[in-house]
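Student: I am new to this structure, and I would like to go through it slowly with you, one question at a time. Could we begin once it is in front of us?

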Amino acid sequence: MTALRRTVFEQAAACGLTGARLEDYVLAVHESVINAVEHGGGRGHFTLWTIDRMLRSETTDHGPGIPGGYVDGLRLPADSSFTGRGIYLIRRLCDNACFLTGTTGTTVQLTMWLPQPAHLSPTRAPMRRVRVTAGGGHERVDGFRA
């Protein structure tokens, strides 16, 4: 997870995300991946890319899906609870979070708006795909395939 977090941090920073927004996005991505590992069968797939001034990631797993009542992420778990904060945090840390879940797995899409570069007009934004791997190539990182 450390390698994946570092890579997401570096790539998001290279795309122009800075400060608290950068830290929030990295934490949200971390939570989505941890949820896939812990609740989604122990492994999954992660993709990070940019398009139209947005940084977007997608975490997928093949687990049993998110139980009803958790996806909305509206309620903060009790202070004494050791689990259940991931979705709550994800929804508050990103500009947009989309959860597609069912009995064959879950896909979590996280979006953060990137700052407008000064040299671009408001109607023209470049599209750029960012490949994220841990340690070069596709490797398993704590049971998670990056």
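Student: How many helices and strands are there in the protein?

Tutor: This is a predicted model, in which local features need pLDDT (the predictor's confidence in each residue, from 0 to 100) of at least 70, side-chain atom pairs count only at pLDDT 80 or more, and totals for chains, interfaces and linings use all residues. Residues are numbered from 1 along each chain as its sequence is written, and side-chain values use heavy atoms, with hydrogens and water left out. Helices (H or I, at least four residues) and strands (E, at least two) are DSSP runs, numbered from the N terminus. Read along the sequence they follow the pattern α-α-β-β-α-β-β-β-β, and the protein has three helices and six strands.

Student: Where in the protein is confidence lowest?

Tutor: The mean pLDDT of the protein is 82, with 77% of its residues at 70 or more, and strand 4 has the highest confidence, at 97. Over residues 133-146, however, pLDDT stays under 50. Where pLDDT is low, the predicted coordinates should not be read in detail. Confidence is lowest, at a mean of 38, in strand 5 (residues 140-141).

Student: Which element gives the most residues to the largest nonpolar core?

Tutor: A nonpolar core is a set of buried Ala, Val, Leu, Ile, Met, Phe, Trp, Tyr and Cys residues joined through side-chain atoms within 4.5 Å, where buried means under 20% relative accessible area, exposed over 50%, and partly exposed in between (1.4 Å probe, protein chains only). The largest such core has 25 residues, and those touching the most other members are Leu17, Tyr25, Val29, Phe46, Leu55 and Leu110. Among the elements that give two or more residues to this core are helix 1 (2-14), strand 1 (44-51) and strand 4 (105-113). The most, six residues, come from helix 2.

Student: Is histidine 30 buried or exposed?

Tutor: Histidine 30 lies in helix 2, and its side chain is joined to that of arginine 5 by a polar contact of 3.4 Å (a pair of N or O atoms within 3.5 Å; within protein, one must be able to donate a hydrogen and the other to accept it, and residues adjacent in sequence count only if both atoms are side-chain atoms). Because its relative accessibility is 17%, histidine 30 counts as buried.

Student: Which side chains meet in a salt bridge?

Tutor: The structure holds one salt bridge, meaning a side-chain nitrogen of Lys or Arg within 4 Å of a carboxyl oxygen of Asp or Glu. The N to O distance is 2.6 Å, and the two side chains are those of aspartate 95 and arginine 21.

Notes: Contact = heavy atoms within 4.5 Å.
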